[in-house]
Amino acid sequence: MNTLTTTPFAPLLDRLFEEAEAATSPAVAGLPESERERLMHSKTEYRDFYGRLKDLWLPVSRQTGELLYMLARSGRAKTIVEFGTSFGISTLYLAAALRDNGGGHLITSEFETSKVVRARQNLVDGGLIDLIEFREGDAKRKSSGVDRSGALGRCEVALYGNLVAG
Ligand SMILES: C[S@@+](CC[C@H](N)C(=O)[O-])C[C@H]1O[C@@H](n2cnc3c(N)ncnc32)[C@H](O)[C@@H]1O
């Protein structure tokens with residue numbers, strides 16, 4: 001038994017994945033995949049584009065979430081840095097690993113205020129909020145303070161969007 005398989009985490013995740021699946025965004029519905037990719041990686045248009053995606057969760061899959069959990073568990077992670085909280089699904093998996101490692105600190109960043117508000121509530125609902133430090137703002141800017149504490153240099157797991165470095 002671990003945090004992933006027990007209440008409140010397991011039923012919360014079921015509910016959040018259902019919500020994520022049902023979410024739609026008319027603002028991007030007609031955009032071809034190639035255009036989405038271009039905007040997401042554009043140095044000048046990414047902020048505006050993610051603003052249009054603010055209702056979409058864009059979460060890791062359950063399998064990737066479990067992989068994140070296992071990576072953080074097997075590395076006995078105590079410090080984790082995440083870029084791109086969205087509604088907090090990956091954050092929940094990583095925080096669950098910290099809890100099962102005996103505690104720790106997860107710094108996560110997101111520039112959409114409405115997403116930060118909802119993610120915070122999801123972490124409260126999951127009973128994991130005490131492990132989380134939210135940094136609201138553009139993680140690409142120094143002013144976001146994502147690494148003010150030097151955490152990036154000493155973390156065991158870093159999640160960039162949905163890409164992991166360990
Ligand atoms: C792919 S989603 C992250 C999904 C999340 N990791 C999960 O599994 O639930 C990427 C998120 O990063 C945010 N984002 C993108 N670029 C960012 C930046 N430079 N600074 C802060 N947040 C950013 C977007 O608003 C979006 O919510």
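Two residues are in contact if their C-beta atoms, placed from the backbone, lie within 7 Å. The views below are drawn from a predicted model.

**View 1. Surroundings of L94.** With its neighbours within four places in sequence left aside, L94 is in contact with seven named residues: L68, A72, I80, E82, L106, V157 and L159. L94 belongs to helix 6 and is buried there, and L94 is also listed, together with A72 and I80, among the residues that have the most contacts inside the largest nonpolar core.

**View 2. The largest nonpolar core.** This core has 33 residues, and those with the most contacts inside it are A72, I80, L94, A95, A96 and L98. Two or more residues each are given to the core by helix 1 (9-22), helix 5 (62-74), strand 1 (79-83), helix 6, strand 2, helix 7 (113-125) and strand 4 (157-160). Helix 6 gives the most, with 8 residues. In soluble globular proteins, nonpolar side chains tend to be buried together.

**View 3. Helix 6 along its length.** The 12 residues of helix 6 should span 16 Å at 1.5 Å a residue, and this agrees with the 17 Å that separates its end C-alpha atoms. The helix is mostly covered, since 10 of its 12 residues are buried, namely I89, S90, T91, L92, Y93, L94, A95, A96, A97 and L98. Just after helix 6, G102 takes a positive phi of about 100 degrees.

**View 4. The shell around the ligand.** There are 20 residues around the ligand, of which G84, S86, I89, S90 and A139 come nearest. Helix 6 (89-100) and strand 2 (105-110) are the elements that give two or more residues to this shell. Sorted by class, the shell holds 9 nonpolar, 6 polar and 5 charged residues. Two of the nearest residues, I89 and S90, are also among the buried residues of helix 6.

**View 5. The whole chain, as context for the close-ups.** The chain has 8 helices and 5 strands, which follow one another along the sequence in the pattern α-α-α-α-α-β-α-β-α-β-α-β-β. Its radius of gyration is 15 Å, close to the 15 Å that the globule rule gives for 166 residues, so the chain is as compact as a globular protein of that length. Taken along the principal axes, the C-alpha atoms fill a box of roughly 45 × 35 × 25 Å. Of the 166 residues, 32% count as buried, and among contacts between residues at least 6 apart in sequence, 77% join residues at least 24 apart.

Technical notes: Residues numbered from 1 in each chain as written. Predicted model: local features only at pLDDT ≥ 70, side-chain atom pairs only at ≥ 80, totals over all residues. Near = placed C-beta within 6 Å. Helix = DSSP H or I, 4+ residues; strand = E, 2+ residues; numbered from the N terminus. Nonpolar A, V, L, I, M, F, W, Y, C, P; charged D, E, K, R; others polar. Rg over C-alpha atoms; globule rule 2.2 N^0.38 Å. Buried ≥ 20, exposed ≤ 12 C-beta atoms within 10 Å, placed from the backbone. Core = buried A, V, L, I, M, F, W, Y, C linked by C-beta atoms within 7 Å. Expected span 1.5 Å × (residues − 1).
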